[in-house]
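Student: I would like a close look at a single part of this model. Please keep it brisk.

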Amino acid sequence: MREGRESKFLAQAMKTTDRKITSNSLPLSPLSPFSPLPLLGVHTGISGGLSRSIKEAQAKGCRTWQIFSRNPRGWLARLLTTEEIKQFRREHEKSGLSPCIIHSSYLINLAAPPGEIRVKSIAAFHDEIERGLAIGADFLVVHPGSARNTSEEEAIVNCASAISESARGQEDRMWKSSFRVLIENTAGQGYQIGRSFEQVHDIIDLRKDLPMGMCLDTAHSFAAGYDWRDESSASQVLSSLSETVGLSNVKVIHFNDSKVAFNSRVDRHWHIGRGEIGSDGLAYVINNPKLIHLPFILETPLAHPDDDIINLATARSLALRRNQVNESTP
Ligand SMILES: [Zn+2]
Ligand SMILES: [Zn+2]
């Protein structure tokens, strides 16, 4: 299985839920919903139960957060009990965290041609949708999949039809809630589809009968040849996004720096401001008036327990650049 670095970082994040969160790792109190700062959050682990992710997100000072709702590396998933779902909904409501974002399992390949992988992927994605609706999640993020053993054009059609089959019987509930399936752009590593905004658009466009949208990953787009590093090229990237997917369809930003070079087609996330995109490029993204209302989720490395807190603080400091500019403007 080809896996991006993202999955390794998220797997590390899962392990850290077992780590005791100590008072000295809690320097941040949850921000007021009226804060001028963006909706920032991290991917949190779920070992120890779904509700534990809420505590971890709160402890890290998040205003939103992302979880897996099932083991991201296995086809079989533990059933969620009614009590677990009720507890999650209760604690989510109390927490004020919003929106609730689920990242789908990495094994799912919705773009697979007819065969065992497609059948398994549809069953697993059906379960992802069912869980998302049960826990009251807002967004379910999925990678569009791999075009191995097929053409990219066929892979796009396969992906759109697999989403339709996965949603069968759940369409009404999806439309009646805030729930949306978000296609995440990819780095284009190996046979991955979704490296271009056009491909993401094509999938969404084929599935107008379902509530769909896009999750924009900054590191993936940079590795796929979209340059955020200076204002004029970042502005061109946004124009291209606007002309293809449409900015109103972008619902979540995965806010990551990239450890690898521009256009390298490798998925390797890095600490905010310390990678190849750098502070200026990321500041441009987080302060852009067209994106500022969106949830920004960090999927940065978690080698040390405080890494998330440091990366969140750095992201906030980039967002504060906007306020400094506004304050100095007469
Ligand atoms: Zn992802
Ligand atoms: Zn991502």
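Which residues of β5 lie on one side and which on the other, and are they buried or exposed?

Tutor: Bear in mind that this is a predicted model. In β5, Arg180, Leu182 and Glu184 lie on one side. Val181 and Ile183 lie on the other. Each of these residues is buried, and both faces of the strand are covered. Put as a count, five of the five residues of β5 are buried.

Now the setting. β5 belongs to a closed barrel of eight strands. The order is β1-β2-β3-β4-β5-β6-β7-β10, and the pairing is parallel. On average, neighbouring strands of this sheet are turned by 30° against each other, direction ignored.

Take the strand's two partners in turn. On one edge is β4, residues 139-142, which runs parallel to β5 and is joined to it by four bridges. Within that pair, Phe139 has Arg180 as its bridge partner. β6 also pairs with β5 in the parallel sense, again over four bridges. Here Leu182 is matched with Gly213 of β6. To get from β5 to β6, the chain passes through α7. This β-α-β crossover is right-handed.

Look at that connecting helix next. α7 spans residues 197-206. Its buried residues are Phe197, Gln199, Val200, Asp202, Ile203 and Ile204. A helix has 3.6 residues a turn, so residues three or four places apart point the same way. Check the buried set of α7 with that in mind: Phe197, Val200 and Ile204 are among its members. The cover over these buried residues includes β5 itself, together with α5, β6 and α9. In residue numbers, α9 is 231-243 and β6 is 212-217.

α5 deserves its own stop. This helix has 16 residues and reaches 23 Å from its first C-alpha to its last. That is close to the 22 Å expected at 1.5 Å a residue. Its buried residues are Ala155, Ile156, Asn158, Cys159, Ala160, Ala162, Ile163, Ser166 and Ala167. They pack against β5 and α7, and also against α4 (116-135) and α6 (171-176). Gly169 follows α5, with a positive phi near 85°.

The same helix leads into the core. The largest nonpolar core holds 84 residues. Cys159 and Ala315 touch the most other members. α5 supplies the largest share of this core, seven residues. Ala315 has its own set of contacts beyond its neighbours within four places in sequence: Leu40, Phe255, Ile272, Ile286, Phe296 and Leu298.

Finally, follow the barrel on from β6. Four bridges join β6 to β7, and the two run parallel. In this pair, Leu216 stands opposite Ile253. β7, like β5, is mostly covered: five of its five residues are buried. β7 covers residues 250-254 and pairs with β10, residues 295-298, in the parallel sense over two bridges. One of the matches there is His254 with Ile297.

So much for the neighbours. Back to the part you asked about: β5 sits between β4 and β6 in the barrel order. Both of its faces are covered. Among the elements its chain neighbourhood brings in, α7 carries the path on to β6, and the buried residues of α5 pack against β5.

Terms used:
Residues numbered from 1 in each chain as written. Chains lettered and ligands numbered in written order. Predicted model: local features only at pLDDT ≥ 70, side-chain atom pairs only at ≥ 80, totals over all residues. Pairing = 2+ DSSP bridges. Axes fitted to C-alpha atoms, helices over the stretch in contact; angles between N-to-C directions. Buried ≥ 20, exposed ≤ 12 C-beta atoms within 10 Å, placed from the backbone. Contact = placed C-beta atoms within 7 Å. Expected span 1.5 Å × (residues − 1). Core = buried A, V, L, I, M, F, W, Y, C linked by C-beta atoms within 7 Å. Right-handed = clockwise from strand over helix to strand, strands pointing away.
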